[in-house]
Structures are given as structure tokens and as C-alpha cells.
Amino acid sequence: DIACNDPQFSTLCSLVVKADLVDKLNSNDPFLQKTVFAPNNDAFSRLSEDTLEALLNDTDALVDVLLYHIAPGKIMSDDLECGVSTEMASSASTTTLCGKDGTFYQAGDGVTAGLPQIIAADIETCYGVIHVIDEVLLPG
């Protein structure tokens, strides 16, 4: 609800509704806290039209992409490490709810170029925490 009341997440929220994931994300079971790495509208606008159209036409792929942005547990920004360079690649690796490994990067000086950045962190909700990211993550 917090994200969907913020206009910068209108695309994300419409896709969550289309994928029928609203109830899964709104579970208030304290043992099911989650961290959402939420792409804003600008991130979705950078996807190619073909990619976005493919997601809109394939609900299973859309669900996979959306769940790829969710990690179990409440992971605050202090729990994430900065990606300093491609050689060091010091990042926090988590397992997302769709069962695939994902890597997320904290915003700040020295973040590796070309990787998603957290542009707003630690937005707490009843269900966990939201970090706004500048890129849509696509499972490999």
C-alpha cells in the first residue's frame, strides 16, 4: 500500500496487480517479513518495448521478474555492502522468493558503474522494508 500510494511506483503496482501478487506482498505474518527492491517508473521506462511487451504477455515471466525483486526477511541498508569496483565486487547477495540468487548494491560513492543503485533506502512498512532502485532486475 505504501508503494502504491506513491506515484513513482505506478508501473510497478499495476504489474503487481496484473501478476496477482498483491496478497503475497501484503502478508502481515511477522515471520514473512520481506525486502522489496522496488524499481521506480523511470526504471521501467528504460526497459525496451519488446521486453516490456513480452512481460505483459507472459504472466509467468512477469511473476518471475517481480519476485526477483523480493528477498525474504527485513534487510536494511546497513546490512548491504557497497560495490566498490568490478574487481572487488563486494555486494550483498540474497536469495529472492522466486528461488534465484540476486545481487543488490547500496547507493553511495564508489558504486560499480552499470549496476542497479538503491536511490532511496529503508522505507519501512508493516510487511518489511522497501528500497527504491534505478533499474529493473531481470533474472538470468
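Which residue caps the N-terminal end of H5? That's Asp58, with a side-chain oxygen 3.2 Å from the backbone nitrogen of Asp60.

A quick note on the model: it is predicted, so local features need pLDDT of at least 70 and side-chain atom pairs count only at pLDDT 80 or more, while totals for chains, interfaces and linings use all residues. Residues are numbered from 1 along each chain as its sequence is written, and side-chain values use heavy atoms, leaving out hydrogens and water.

Now the inside. The largest nonpolar core (buried Ala, Val, Leu, Ile, Met, Phe, Trp, Tyr and Cys residues joined through side-chain atoms within 4.5 Å) has 24 residues, and Phe9, Leu12, Leu21 and Leu66 have the most contacts inside it. These elements (DSSP runs: helices H or I of at least four residues, strands E of at least two) each give two or more residues to that core:

| Element | Residues |
|---|---|
| helix H1 | 10-18 |
| strand S1 | 34-39 |
| helix H3 | 41-45 |
| helix H5 | 59-67 |
| strand S6 | 128-133 |

H5 brings the largest share, 5 residues. Buried (under 20% relative accessible area, 1.4 Å probe, protein chains only) in H5 are Leu62, Val63, Val65, Leu66 and Leu67. Their cover includes H1, helix H2 (22-25), helix H4 (49-57) and strand S2 (70-72).

Then there's Leu47, in the loop between H3 and H4. Leu47 is buried, at 16% relative accessible area. Leaving out residues up to four places away in sequence, Leu47 touches (heavy atoms within 4.5 Å) Leu52, Leu55, Val136 and Leu138. Leu47 and Val136 are 89 residues apart along the chain, yet their C-alpha atoms are separated by 7.5 Å.

Terms used:
Buried means under 20% relative accessible area, exposed over 50%, partly exposed in between (1.4 Å probe, protein chains only). A polar contact is a pair of N or O atoms within 3.5 Å; within protein, one must be able to donate a hydrogen and the other to accept it, and residues adjacent in sequence count only if both atoms are side-chain atoms.
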